[in-house]
Amino acid sequence: MDFNGNKKLDYSEFEQAMAAFGIFPKKVELQALVKFYDVDQDGNISYDEFLSGLREPLNERRVNMVKKA
């Protein structure tokens, strides 16, 4: 879905990606999704930003494992 090849999805690419999977959010919903995933607020959603948005926060046990590592 990265049509311009910059390894990120801009607003339009993200909208097209959602539509390709049969998801057609309202404009305000799409804006909220982009804002949620675009952590660095550069107007694009990177792969890492997208994955981070999908993951659940670490629970205490997992945080402790990360700290030990």
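A residue counts as buried under 20% relative accessible area, as exposed over 50%, and as partly exposed in between (1.4 Å probe, protein chains only). The exercises below concern a predicted model, in which local features need pLDDT of at least 70, side-chain atom pairs count only at pLDDT 80 or more, and totals for chains, interfaces and linings use all residues. Residues are numbered from 1 along each chain as its sequence is written, and side-chain values use heavy atoms, with hydrogens and water left out.

**Exercise 1. Two residues of helix α2**

Task: Assign Q31 to a secondary-structure element, classify its accessibility, and state its separation from A17 in sequence and in space.

Solution:
- Step 1. Q31 belongs to helix α2; helices (H or I, at least four residues) and strands (E, at least two) are DSSP runs, numbered from the N terminus.
- Step 2. The relative accessibility of Q31 is 39%, so this residue is partly exposed.
- Step 3. Along the sequence, Q31 and A17 are 14 residues apart, and their C-alpha atoms are 14 Å apart in space.

Task: Repeat the procedure for K27, with E15 as the partner for the distance.

Solution:
- Step 1. Helix α2 contains K27.
- Step 2. K27 has a relative accessibility of 61% and is therefore exposed.
- Step 3. The chain separation of K27 and E15 is 12 residues, and 9.4 Å lies between their C-alpha atoms.

**Exercise 2. Aromatic pairs**

Task: State how many aromatic pairs the whole structure holds, and classify the geometry of Y37 and F50.

Solution:
- Step 1. The search of the whole structure returns 3 aromatic pairs. Rings of Phe, Tyr and Trp (its six-membered ring) pair if their centres lie within 6.5 Å; planes under 30 degrees apart are stacked, over 60 edge-to-face, and the rest tilted.
- Step 2. For Y37 and F50 the ring centres are 5.0 Å apart and the planes meet at 40°, so this pair is tilted.
- Step 3. The pair connects distant parts of the chain, with Y37 in helix α2 (residues 27-37) and F50 in helix α3 (residues 47-54), 13 residues apart.
- Step 4. The two partners fall into separate accessibility classes: Y37, at 10% relative accessibility, is buried, whereas F50, with a relative accessible area of 32%, is partly exposed.
- Step 5. Y37 and F50 also belong to one aromatic cluster together with F14 and F36.

**Exercise 3. The salt bridge**

Task: Find the number of salt bridges in the whole structure, name the partners, and describe what they join.

Solution:
- Step 1. The whole structure contains 1 salt bridge, that is, a side-chain nitrogen of Lys or Arg within 4 Å of a carboxyl oxygen of Asp or Glu.
- Step 2. The side chains of D42 and K8 form this contact, at 2.7 Å from N to O.
- Step 3. D42 sits in the loop between α2 and β2 and K8 in strand β1, so the pair ties together parts that are 34 residues apart in sequence.
- Step 4. D42 is partly exposed at a relative accessible area of 34%, and K8 is partly exposed at 26%.

**Exercise 4. Positive phi**

Task: Examine the backbone phi of K7 and of Q41, then locate each residue and classify its accessibility.

Solution:
- Step 1. Most residues other than glycine have a negative phi, and most peptide bonds are trans.
- Step 2. K7 is not a glycine, and its phi is positive, near 70°. K7 lies in the segment before β1 and is exposed, with a relative accessible area of 70%.
- Step 3. Q41, also a residue that is not a glycine, has a positive phi of about 55°. The loop between α2 and β2 holds Q41, which is exposed at 68% relative accessibility.

**Exercise 5. F3 in the segment before β1**

Task: Where does F3 lie in the chain, and is F3 buried or exposed?

Solution:
- Step 1. F3 is placed in the segment before β1 (8-10). K7 is in the segment before β1 as well.
- Step 2. The relative accessible area of F3 is 55%, so F3 is exposed.
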